[in-house]
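Here is a walk through some strands, sheets and one surface patch. Have the structure open and follow along.

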Amino acid sequence: MYRSISHIEDHRRFLDIFRTGIYLFLFLCYSDYFASAQETKPTATVINQSISLKDMLFEIESHFEVSILYQSDIIDGMVLSPNFVFEDNIHQTLNKLLQPFSLKFQEINQHTFVILAPQTQLAKDKGIIKGRITDIHGKPLENVNVILKGTQIGAPTDYKGEFKIVNVQPDNYTVCASYLGFLPSEEEVVVNPNTATKIDVSMNEDFLELKNVIVTGTLNSISKIESSVALTTINTSFLEKIAPRSTANVLQYIPGFYVESSGGETNNNLFSRGMSAEGSFQYIVLQEDGLPIYEAGNIDWVSADNFIRVDLSLKKIEALRGGSGNIFASNAPGGIINFINKTGEEFTDKIKGKVKLQTSDFGQIRLDANLGGQMSPNTFFNIGGFYRTDKGIRPPGYTANKGGQLKINLTRKVKEGYIRLSAKYLNDRNIFYLPIPLQNSPTPAPISNFNPNYGTMNALNETIVHFPTPNGIKSYDLKDGFHTKLGYIGTEMSFKILKDWTVVNKNRLSYIYKGTDAVISVFEPVTAEQYAKEKMINIVGATNYQYSYADSNQPFEENSLNGNGLVGEQGWWHNDLQLQNFINSLEIVKKSDNHFFTLGIYLSEFRDNTKRHWANLLIEVKDEKAKRLNLDFYDRDGQYLNTTTHNGFTTYQAFNVWENNTGKARVLAIFVDEQWTLKPTLTFNAGLRYETLSTSGSLENTEVFDLNDDVPASDTLSINPVLANILWGNDTYDYYSWTFHDYAVSLGANYNISADMSVYTRATKGYRTPDFDNWQARQSEGGQTENVLLLETGYKYSAPKIALFGSLFYTSIRNQLTTDASIDTLGNVLAFRTRGSQTIGTELELTSRPIKNFKLDVKATVQHAAYQVTKNQELPNLPPIDGNRVKRIPNVFFTLMPSYEYQNFKFFGTVQHFGHRFSDETNTASLPAFTSFNLGASMEISVTSKQHLSLLIHAQNLTNSIGLTEGNPRIIGARTAPTRLARPILGRSVIASATLDF
């Protein structure tokens, strides 16, 4: 399978680098720790004179670089005896300091501490404020920051949601409570002398997290409601409600993004704001913690979702649509989707864990786990991952999905910043589902002996095949499926270098192996008789034919074939890629009262070694243990004349594809981003990115070999025509070297009508440069840079019972060059082609809670996307394309998500509707509108005061809708056959899980 010693050496090199990174991280952590200790011992570790407790707390703040809050009258007049010695960490030091004065402290976060007085130490004529903070369902909220407005007096809540502020001067106060994911709350209280004032606060959710600070597409600490971009946040509570079966399944809940998740767990497709694309993630960059795992996220058969899985280590997802995406990432005019992992800092000084066991009706056993927290006062960790095995929702008769991942984060807080080390290892095999045979009718209908909800063409009788080549036999296994093996190691560092200046540097080194084996949809199924007669025309003297099974050579009558009489010529396409990438992103940030300036330098060096071996095979059409077929031809006397197959294969050079290519590329970009706050309600933003892409590589040339070994040319009966046409490399190479330059500019403005309402507008000129697919396809000049124009304007509103985010957008693409393998209805391979498109549309996100226990989420998109094609760009022998709707993209799609909570129970459902679409550019193959339904329920059980068990059951595609996401992407033009190839959404599946928080 094209595995090499260099491939093994790459993995060894990665392990060496990983170990070196761990040692470097530990060195930096502990050298910083000991350096801090060495610096402070001569001056501050021993206090040799009497000092007030107030001054001593100031010394501690300086020594440990923290903030300590207290009421002055609690410590007034308190004096510390001489010769006080600092301990190794702040917790031990504060305990030692405060114990003689009967005082206590509580940590709000890793940088902030509050000095508390015990209730018995209530000063005369002072009061107490105490209470409990919960959500609207009465569930306690831990670590809520409670503070008296206009003061530094406050306290955090404990695991019961309770807080207490003591020794409060009698007066009128406003108690402010703030907590991530919830709207800030303010309560008026009156504090009386020698009295405890009790308040209970119920906090409302921050619907759509409009008040939450975003990190994607900006380096400024700004909330969504203040920003001039369209961004959707998906948090862990939302993930629980949708119970995703794949990464793409999650992204379906983002307005403006039309996502096809019918391919299984990986290699799915996303279309941003109607932008025409062949599929994959062509105009979107998928990031993990702010960097892509591999720079070219749209290589043929290797889409970016192959590199990312959703598990318990995920903190949240931020999805930026359009906007400043092309400023902060290469080739991201459609947006950025950033998967943000937990770092352990979420748990302050606690170590918390979560374990989930999941099973399903498709044979899944999955274990997820995550553990994170504080290792020491300034060091945090998080480790998480999963392992899973299952038969697949469309079971092929063997294990369809098997594997898992492990992710590690280590963070060390240092003076005015932090150092973080991250690593990930993913090893996963996944089945890839492609179009299946259906009746060619106005509405999707099954054919005999093929289940449209659970059938797959990957369910062959034999999973191992042998391809003859000039270099010997190559064996491939269908059970390998889409096999992704990757490892990366990266660092992130942030330091304050001057008063208002901060340097942030991120880097990542990735090694990836990506192998694919799948049965690929090529030609529409036809009757065995029709197929044989079409082939017999080319056989001189043939009057009869005979089918036989390739594994046994046993002949059979075509009328008895698999209950429907159909055969199909489909592909077995093997791809083998070895990829590596080093990325470094350096940002210098200056922040002042009215502006935020960012200067960035981005470097990405990436390599690709691609081998492709594509063949077509002839199979019977059924969804369980389909067999490969041979087809032989005879004259009137029954004399054998010729064949069209070899061991069931019709060709070992499908689409004339055999490739052995190597390439390397470098992206060097500089970008600037400036945000001005002209007044508290009005903000302007401007960004500019200039990029240079340099690439070079080699392409092995091919020639046709005849592998009919030892067969004389005169012995025509023994010559197999399939073996006589084997495409293979001839050890000669073509070389390429190209350089591309382009720039992106984005201008935006946001106006806050009020604290809860804003409007924004933005214009962006973006681009997309070519990638390895263009260069390896030997396209003239290595492809061309695409020009993208985006315009948008929107409205945001946040309130306790409703939040909405609506936007209008326009997108335009020029010079889009296709790289997909396709043919017309006559079987002619189509040349790569150039085209453009434009889209106008609107997006809506709305969340409302009209009554206490009922909540409704709405995600909707209405758009019209059309091709713009010049006369010389039209395809020969096919209907015109200009003005047609962009293929596969609906005009309307929306999601309705009602949910209801009662005590410890939650009930949630999903209605997803996708409008009518077309399968190809000619708009001659229709994909009807469809609707699917999901339903789920969960229950939470308190095991102990700090341990909770959650039980969940969730059903997807409850009614077994046969919703088509694509037709046959390999054929362009109208088809009149009684059958068609199309890819429906996955059939109904049910999962159940138990999750323990501890």
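Over how many bridges do S24 and strand S25 pair, and in which sense? This is a predicted model, and in it S24 and strand S25 (residues 335–341) pair over 7 bridges in the antiparallel sense. If you want one spot to click on, lysine 316 stands opposite isoleucine 340 in S25.

Strand S24 has another partner too. Strand S17 (residues 230–235) runs antiparallel to S24, and 6 bridges join the two. Here isoleucine 234 stands opposite isoleucine 317 in S24. Is strand S24 buried or exposed? Strand S24 covers residues 314–321, and 7 of its 8 residues are buried, so the strand is largely enclosed by the rest of the structure. The cut-off behind that word is a relative accessible area under 20%.

Next, a smaller set of strands around S9. Strand S9 (residues 145–148) has two faces: Val146 and Leu148 sit on the covered one, while Asn145 and Ile147 are on the uncovered one. Strand S9 is joined by 3 bridges to strand S10 (residues 154–156), and the two run antiparallel. It's antiparallel with strand S12 (residues 171–178) as well, with 4 bridges joining S9 to S12. Valine 146 is a handy marker for both pairings: it stands opposite alanine 155 in S10 and opposite alanine 177 in S12.

For reference, here are the antiparallel pairs in one place, with a residue pair to look for in each.

| Strand pair | Bridges | Residues to look for |
|---|---|---|
| S24 and S25 | 7 bridges | lysine 316 and isoleucine 340 |
| S17 and S24 | 6 bridges | isoleucine 234 and isoleucine 317 |
| S8 and S11 | 5 bridges | glycine 131 and phenylalanine 163 |
| S9 and S12 | 4 bridges | valine 146 and alanine 177 |
| S9 and S10 | 3 bridges | valine 146 and alanine 155 |
| S37 and S38 | 2 bridges | tyrosine 547 and phenylalanine 556 |

Now for two open sheets. One has 3 strands in the order S11-S8-S14, with mixed pairing. Its edge strands are strand S11 (162–168) and strand S14 (196–203), each of which pairs on one side only. From one strand to the next, the twist averages 20°. Strand S8 (residues 127–135) pairs with S11 in the antiparallel sense, over 5 bridges. Look at glycine 131 and you'll find its bridge partner in S11, phenylalanine 163.

The other open sheet has 4 strands, ordered S38-S37-S41-S42, and its pairing is antiparallel. Why is one side of S38 and of S42 left without a neighbour in the sheet? Strand S38 (555–556) and strand S42 (640–643) stand at the edges, and each has a single partner strand. For S38, strand S37 (residues 544–549) pairs with it over 2 bridges, and tyrosine 547 stands opposite phenylalanine 556 there. Helix H8 (residues 528–536) packs on this sheet, touching S37 and strand S41 (629–634). The direction of helix H8 makes about 125° with that of S37.

Last stop, the surface. A nonpolar patch there is formed by Ile351, Val355, Leu357, Ile365, Leu367, Leu371, Ile383, Leu406 and Phe998, with about 740 Å² of accessible area together. Strand S26 (351–360) and strand S27 (365–376) each supply at least two residues of the patch. Where does phenylalanine 998 belong? Its place is in the segment after strand S62 (989–997). Phenylalanine 998 has a relative accessible area of 38%, so it counts as partly exposed.

Technical notes:
Residues numbered from 1 in each chain as written. Predicted model: local features only at pLDDT ≥ 70, side-chain atom pairs only at ≥ 80, totals over all residues. Heavy atoms only, no water. Pairing = 2+ DSSP bridges. Axes fitted to C-alpha atoms, helices over the stretch in contact; angles between N-to-C directions. Buried < 20%, exposed > 50% of the residue type's maximum accessible area, 1.4 Å probe, protein only. Contact = heavy atoms within 4.5 Å. Patch = residues over 30% accessible without salt bridge, like charges linked within 9 Å, V, L, I, M, F, W, Y side chains within 5 Å. Areas by Shrake-Rupley, 256 points an atom, 1.4 Å probe, with all protein chains shown as cover. Salt bridge = Lys/Arg side-chain N within 4 Å of Asp/Glu carboxyl O.
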